[in-house]
Amino acid sequence: MIRYGCGQGLVYERIHGHTHERSQHRVDHHRADRSRIESVRESLNRCGVIFCHRAVTEAKRADLSMVVLEEHLSFHTGSLQASRPTYAGFMRSVRVSLGDRSYSILVGPGLLSQLGDRCLALGLGARCGVITDETVAPLFAEQAVVALRGAGFSPVLIRVPSGETSKSLKVVGTCYDRLAAHRLERKSFIVALGGGVVGDLAGFVASTYLRGMAFVQVPTTLLAQVDSSVGGKVGVNLKAGKNLVGAFHQPKLVLCDLDSLNTLPPREFQSGLGEVIKYGIIYDAGLFRRLERDLPKILRRDPMALAATIARCCAIKAAVVSQDENESGLRAILNYGHTIGHALEAISGYGEYLHGEAISMGQVAASHLSARLVGLDSKSVERIRNLFVAAGLPVSVSLTRRQRERLVAAMRLDKKVSGGQIKFVLARRIGEVIWGQNVPETALQEALDLVCP
Ligand SMILES: NC(=O)c1ccc[n+]([C@@H]2O[C@H](COP(=O)([O-])OP(=O)(O)OC[C@H]3O[C@@H](n4cnc5c(N)ncnc54)[C@H](O)[C@@H]3O)[C@@H](O)[C@H]2O)c1
Ligand SMILES: [Zn+2]
């Protein structure tokens, strides 16, 4: 049950999908002075009712339906609880349509504090494992656990070391052991609280423990919010390569709390922008134009600009995934810039370049290939390069002759190679790409000349 209250002490309860007005705390508005309203606020908070006076008044004035009112309130509660100004109307919701596995992605500030209520609304079981990493735990684990407990759940916190090395079968094993020790059962669920590493690991644990249990993504990096938390690909690495073991397992809910991005180091944030720009190139010329215009705001992490941008990226990924859940066709377009990007990550030993940095160079190289092979105009090639530069991402890399040979060899090893031919996603224009394109060796070398001077 979710409960919201306002300054007059009016309380709305949402039970089994219906919203009821409750007036047991009601204060007569005309005679209510500030101190009375404050005491109402305290008493509402004590009994677990979220106080959101202004939101209720605003919502009533706008005559919103109860469902919209609820979204509106839930949006406000996050910002009010953090005692910040209200951001009326900018919680975004994106639906991923996959039949009975459909789910919502919510994007807005203050969403972590609603984690418990949102899980309750989904009817998830009483116990849950919250998997997070050593960096994220001190920042957000307490808030997550409090929110879950507040809604009646019994969370078990599982911390893993930060970084890619945690995406391993060994760490999966330690997670299983903790879940077993705390007697999690089929109906229990997993919360992935962290970046893409935690999301992939926790999702894989959820997809396999007890032959699969529900999971909820709370992505805390920009990359995880716009990419890894959406689409249901989960998995871990082997010594032989990245993401070699995994599954398709869709979350029940994705909560993208914009507040979590405030603690993200600038380099990690910019790396996420590498994927954001990609969505503009592969699918949405309008998004690309807005990024050209709004990038300064986004770099300042302006919540309004971020909410719109992240939600649009999620909607694009959701649209692509809904049409091709198991990666047999269209989903390939998400790999624009990734053939060269992955190869660069592989030859430099994962870690030198962040993923977004590697695919930034990969996308610039792919734009040169696109100009040569499928008619992308030179103005667009320039705009693509400029946008990555403005985002603080690298657009060239200096490689020795030996490294460059290894780069091309690594591309041939990429999963997307079939029949010995390297397949590329190429852009006809900004906002429209084609996939499965064969690229002659000479064209590849010429494109590399332009990004590896
Ligand atoms: N499943 C998919 O579809 C998919 C798609 C893209 C990427 N991925 C995977 O995602 C992973 C990369 O994700 P990532 O870039 O989020 O890396 P990450 O999870 O390692 O996070 C980057 C760093 O930031 C820290 N961090 C996370 N949130 C923070 C916050 N709010 N404040 C401060 N620090 C924070 C982490 O502890 C880590 O040190 C890779 O393993 C990649 O394979 C998966
Ligand atoms: Zn990527």
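A residue counts as buried here if 20 or more other C-beta atoms lie within 10 Å of its own. Keep that cut-off in mind for the tour. The model is predicted.

**Whole chain.** Start with everything shown as a cartoon. The secondary structure comes to 16 helices and 15 strands. The chain has 453 residues, and 48% of them are buried. Now turn to contacts between residues with a separation of 6 or more: 71% of these join residues 24 or more positions apart.

**Ligand 1.** Select ligand 1 and the shell around it. You should find 28 residues there. The closest are T135, G195, G196, V197 and S228. Colour the shell by residue type: 14 residues are polar, seven are nonpolar and seven are charged.

Next, show the helices that contribute. Select 136-150 for helix 5, 196-208 for helix 7 and 222-228 for helix 8. Each supplies at least two residues of the shell.

**Helix 12.** Move on to residues 338-347. This is helix 12, and it is mostly covered. Of its ten residues, eight are buried. Select them: H338, T339, I340, G341, H342, A343, L344 and E345.

What do the buried residues of helix 12 pack against? Add three elements to the view. They are helix 13 (355-374), helix 15 (401-413) and strand 14 (423-429).

**Last stop.** Select G349, which follows helix 12. Check its backbone: phi is positive, near 70 degrees.

How values were computed
Residues are numbered from 1 along each chain as its sequence is written. Chains are lettered from A and ligands numbered from 1 in the order in which they are written. This is a predicted model: local features need pLDDT of at least 70, side-chain atom pairs count only at pLDDT 80 or more; totals for chains, interfaces and linings use all residues. A residue is near a molecule or strand if its C-beta atom, placed from the backbone, lies within 6 Å of it. Helices (H or I, at least four residues) and strands (E, at least two) are DSSP runs, numbered from the N terminus. Ala, Val, Leu, Ile, Met, Phe, Trp, Tyr, Cys and Pro count as nonpolar, Asp, Glu, Lys and Arg as charged, and the others, Gly among them, as polar. A residue is buried if 20 or more other C-beta atoms lie within 10 Å of its own, exposed if 12 or fewer, and partly exposed in between; C-beta atoms are placed from the backbone. Two residues are in contact if their C-beta atoms, placed from the backbone, lie within 7 Å.
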